[in-house]
Amino acid sequence: MSKILITGACGQLGSELTSELRNIYGTDNVIASDIREPNEYIGDGPFEHLDVMNKGRIEEVIEKYNITVLYHLAALLSANAEKNIDLAWKLNMDGLLNVLNIAREKNLERIFWPSSIAVFGPDAPKKDTPQNTATNPTTVYGITKVAGEQWCAYFYNKFSVDVRSLRYPGLIGYKSLPGGGTTDYAVDIYHKALAGETFTCFLEADAALPMMYMSDAVKATIDLMQVPEEKVKVRTSYNVSAISFTPEEIANSIKKQIPDFEIEYEPDYRQEIASSWPDSIDDSAARSDWGWKHEFDLDKMTADILENLPQIIEKA
């Protein structure tokens with residue numbers, strides 16, 4: 001049985017991925033770690049305080065639990081990275097290189113590292129952005145992701161480290177609060193709708209972005225990590241896609257269930273970030289290589305969130 005370590009386990013993706021991996025592999029076989037305190041969503045099970053910029057501490061945890069598989073999620077996200085350039089580079093790069101070097105030195109079975117659509121810049125095709133195209137980002141976060149993809153490919157080709165990666169679109173979940181990303185509006189909007197408040201959106205009404213419900217993001221991650229090595233043909237990072245929509249379209253989806261919901265628009269610096277990203281993504285390589293298939297469209301996602309979020313809010 002694999003022994004799994006997750007860094008950044010208390011983040012928006014990490015919380016739900018940790019919970020699902022514990023359902024699959026058993027609570028004691030999945031060790032959650034974060035620089036923050038654990039939250040209720042990761043469930044019961046082993047937890048370690050861990051700063052991924054401390055290579056020695058990562059090694060301690062790996063040796064303590066005989067770790068064989070590592071999901072490295074700890075990072076500074078897009079909007080927050082623009083506010084702290086030095087920390088974004090140091091955390092996102094040093095953390096990844098620490099993990100890759102440890103995987104090489106300790107012969108870990110496989111590594112997962114998340115990339116992002118932030119790798120694409122204004123010169124990439126906006127619609128159905130292909131797997132292989134220009135990656136010239138205009139954000140600090142995107143720069144770290146392009147560099148990270150190249151490091152992942154290098155460690156696979158040079159040292160046979162089986163590192164796998166997905167270029168996530170905007171991720172939408174309701175079990176934990178947003179973590180400083182440009183697509184966070186699509187999480188916060190549901191909270192405001194249920195509270196009966198007008199939502200002030202920091203993007204323009206027609207700012208289309210590729211998005212994915214958290215359940216699909218978790219599924220894509222685990223699917224990729226479970227397939228045989230020979231099926232993983234992209235060693236930078238796979239495009240993955242599910243749905244693309246604008247703030248106006250998500251508001252209209254909510255209005256189907258909450259007719260009085262209102263939205264207004266006050267674009268800020270995050271609109272410039274969003275404008276540099278694709279409107280939609282071509283993920284045919286992921287679908288053909290290892291059978292990726294999403295389950296949630298916009299209205300199905302909205303219905304699921306509006307049904308389940310009130311219980312989360314009530315507990316808070």
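Phe-245 touches a long list of partners beyond its neighbours up to four places away in sequence: Ile-172, Tyr-185, Ala-186, Ala-207, Ala-208, Leu-209, Met-211, Ile-250, Leu-298 and Met-301. Keep in mind that this is a predicted model. Phe-245 also belongs to the largest nonpolar core, which has 108 residues. Along with Tyr-185 and Tyr-190, Phe-245 is listed among those with the most contacts inside that core. Helix 4 (residues 85–106) gives the core its largest share, 8 residues.

Now for the rings. A search of the whole structure turns up 10 aromatic pairs. Take Tyr-154 and Phe-159: their ring centres are 5.8 Å apart and their planes stand at 80 degrees, so this pair is edge-to-face. Both partners have some surface showing. Tyr-154 counts as partly exposed at 38% relative accessibility, and Phe-159 is also partly exposed, at 27%. These two are part of a cluster, in which ring pairs link them with Trp-151 and Phe-155.

Two arginines sit over aromatic rings. The charged end of Arg-235 is over the ring of Tyr-156, 3.8 Å from its centre. Arg-270 lies over the face of Phe-202, with 3.6 Å to the ring centre. Arg-270 has a second partner too, since it forms a salt bridge with Asp-268.

That brings us to the charged pairs. Side chains of opposite charge can pair when their charged atoms come close. The count here comes to 19 salt bridges, and three of them are set out below.

| Acidic residue | Basic residue | Closest N and O atoms |
|---|---|---|
| Asp-279 | Lys-126 | 3.9 Å |
| Asp-162 | Arg-164 | 2.9 Å |
| Asp-268 | Arg-270 | 2.5 Å |

What does the salt bridge between Asp-279 and Lys-126 tie together? Asp-279 lies in the loop between helix 9 (269–275) and helix 10 (284–290), while Lys-126 is in the loop between strand 5 (110–116) and helix 5 (140–159), so the pair joins parts that are 153 residues apart in sequence. Asp-279 counts as buried at 18% relative accessibility, because the cut-off for buried is under 20%. Lys-126, with a relative accessible area of 29%, is partly exposed.

How do the other two pairs in the table fare for burial? Asp-162 and Arg-164 are both buried. Asp-268 is partly exposed, with a relative accessible area of 29%.

Salt bridges also join up into a network, one that links Glu-48, Arg-57, Glu-60 and Lys-64.

Notes: Residues are numbered from 1 along each chain as its sequence is written. This is a predicted model: local features need pLDDT of at least 70, side-chain atom pairs count only at pLDDT 80 or more; totals for chains, interfaces and linings use all residues. Side-chain values use heavy atoms; hydrogens and water are left out. Rings of Phe, Tyr and Trp (its six-membered ring) pair if their centres lie within 6.5 Å; planes under 30 degrees apart count as stacked, over 60 as edge-to-face and the rest as tilted. Buried means under 20% relative accessible area, exposed over 50%, partly exposed in between (1.4 Å probe, protein chains only). A charge sits over a ring if NZ of Lys or CZ of Arg is within 6 Å of the ring centre and within 35 degrees of the ring normal. A nonpolar core is a set of buried Ala, Val, Leu, Ile, Met, Phe, Trp, Tyr and Cys residues joined through side-chain atoms within 4.5 Å. Helices (H or I, at least four residues) and strands (E, at least two) are DSSP runs, numbered from the N terminus. Contact means heavy atoms within 4.5 Å. A salt bridge is a side-chain nitrogen of Lys or Arg within 4 Å of a carboxyl oxygen of Asp or Glu.
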